[in-house]
Amino acid sequence: MGEIDPSFIQSTEHRPKLASTEAEGIPLIDLSPLHNSPPDSTAMENLVAEIGNACKDWGFFQVINHGVSVNYRQAIESVSREFFKQSIEEKSKVKRDELNPMGYYDGEHTKNVRDWKEVFDFVMQVPTLIPASHEDGDEEVIMLLTQWPQYPPKFREACEEYTRETEKLSHKLLELISLSLGLPANRFSGFFKDQTSFTRLNYYPRCPIPDLALGVGRHKDAGALTVLAQDDVGGLEVKRKDGEWVRVKPTPDAYIVNVGDLIQVWSNDKYESVEHRVMVNSERERFSIPFFFNPAHYTMVEPVAELVVNEQNPAKYRAFNWGKFVSARALSNFKKLDVENLQVYHFKTSG
Ligand SMILES: O=C(O)CCC(=O)C(=O)O
Ligand SMILES: [Fe+2]
């Protein structure tokens with residue numbers, strides 16, 4: 001195995017199958033009814049139903065005709081490639097640490113196994129506030145600051161323009177999801193005023209041991225929604241409800257959308273946050289760009305009252321604080337911990 005660091009090696013049961021299923025992929029949804037003028041109410045109703053079914057059956061879907069110009073996407077992909085092409089020393093000038101979690105990083109772990117990837121994380125909202133610690137009772141907050149690199153030129157501009165457009169789309173997607181739950185379109189919108197959303201540039205270098213390592217180990221996204229752009233290489237796998245890992249086929253200019261843990265809790269388990277992971281390969285490097293759409297740090301998350309009206313359907317979770325939840329989870333990104341990191345099921349009520 002040569003020089004490979006053993007911290008990358010997945011345990012036998014979590015190793016990828018190199019020839020995995022790509023058939024019967026996740027639903028592909030056409031968002032053009034959003035842009036119809038005048039609005040076509042039948043087309044909108046069908047769209048909402050399609051979104052609801054995709055959230056229920058898969059927790060994942062792809063969208064096309066989403067209204068975000070491909071130019072923004074090409075621009076950010078291009079600066080991302082330029083940035084990651086640099087030496088580790090150059091990139092480390094904007095390296096993140098435990099005090100400032102935004103920036104470049106190449107040592108992320110998922111479930112205690114190191115991911116075969118490098119990332120650059122940034123926020124747009126000024127200020128983006130998060131709790132200083134995960135300890136209950138500690139009210140101190142810190143401000144996340146993006147460390148913008150000097151090179152390539154236009155890096156910041158491309159990142160910000162792309163994120164602005166993707167954020168608008170995320171609001172629309174959340175409105176559609178809200179409607180699909182029988183709730184008003186803006187039922188969740190208020191939680192995002194002081195959002196803690198961030199964008200990540202993912203770079204998965206070629207890997208000499210693609211059968212033993214993963215770009216990102218199996219995990220669920222902690223926030224509300226993730227809206228992801230991937231290049232044409234492929235590698236994202238989603239755990240289907242029957243337990244089979246299914247590859248997401250790259251579709252030009254589509255976004256991949258997935259329900260995170262918070263929609264699972266808000267919807268009282270009607271929609272579930274689904275496990276996914278990323279395979280790497282020995283031939284082609286891969287780039288992807290998730291936008292993690294997350295509410296204000298002080299948001300108390302619990303099943304929405306409208307969905308837990310009767311004894312047949314009691315609240316399955318007790319309320320928890322989003323900022324504290326995500327700070328506790330982030331601890332495990334930096335170092336190996338002896339225990340599993342915090343998950344929403346830790347807030348399950350017994351009923
Ligand atoms: O690169 C991908 O396709 C997905 C990455 C991912 O799941 C994540 O960063 O949470
Ligand atoms: Fe993810």
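**Close-ups of the ligand 1 site and Gln343**

**View 1. Who sits around ligand 1.** Asn202, Tyr204, His219, Asp221, Leu228, Leu236, His276, Val278, Arg286, Ser288, Pro290 and Phe292 make up the surroundings of ligand 1 (a residue is near if one of its heavy atoms lies within 4 Å of the molecule). This is a predicted model, where local features need pLDDT of at least 70 and side-chain atom pairs pLDDT 80 or more, while totals for chains, interfaces and linings use all residues. Residues are numbered from 1 along each chain, chains are lettered from A and ligands numbered from 1 in written order, and side-chain values use heavy atoms, leaving out hydrogens and water.

**View 2. Strands lining the ligand.** At least two shell residues each come from β9 (198-204), β15 (276-278) and β16 (286-293) (strands are DSSP E runs of at least two residues, helices H or I runs of at least four, both numbered from the N terminus). β16 gives the largest share, with 4 residues.

**View 3. Oxygen atoms of ligand 1.** Side-chain N or O atoms lie 2.7 Å from a ligand oxygen at Ser288, 2.8 Å at Arg286 and 3.3 Å at Asp221. Of the 300 Å² of accessible area that ligand 1 has on its own, the protein covers 96% (Shrake-Rupley, 1.4 Å probe).

**View 4. Gln343, after α6.** Gln343 turns up in the segment following α6 (322-334). With a relative accessible area of 8%, Gln343 is buried (under 20%, 1.4 Å probe, protein chains only). Leaving aside residues up to four places away in sequence, Gln343 touches Lys111, Phe325 and Arg329 (heavy atoms within 4.5 Å).

How values were computed: Buried means under 20% relative accessible area, exposed over 50%, partly exposed in between (1.4 Å probe, protein chains only). A polar contact is a pair of N or O atoms within 3.5 Å; within protein, one must be able to donate a hydrogen and the other to accept it, and residues adjacent in sequence count only if both atoms are side-chain atoms.
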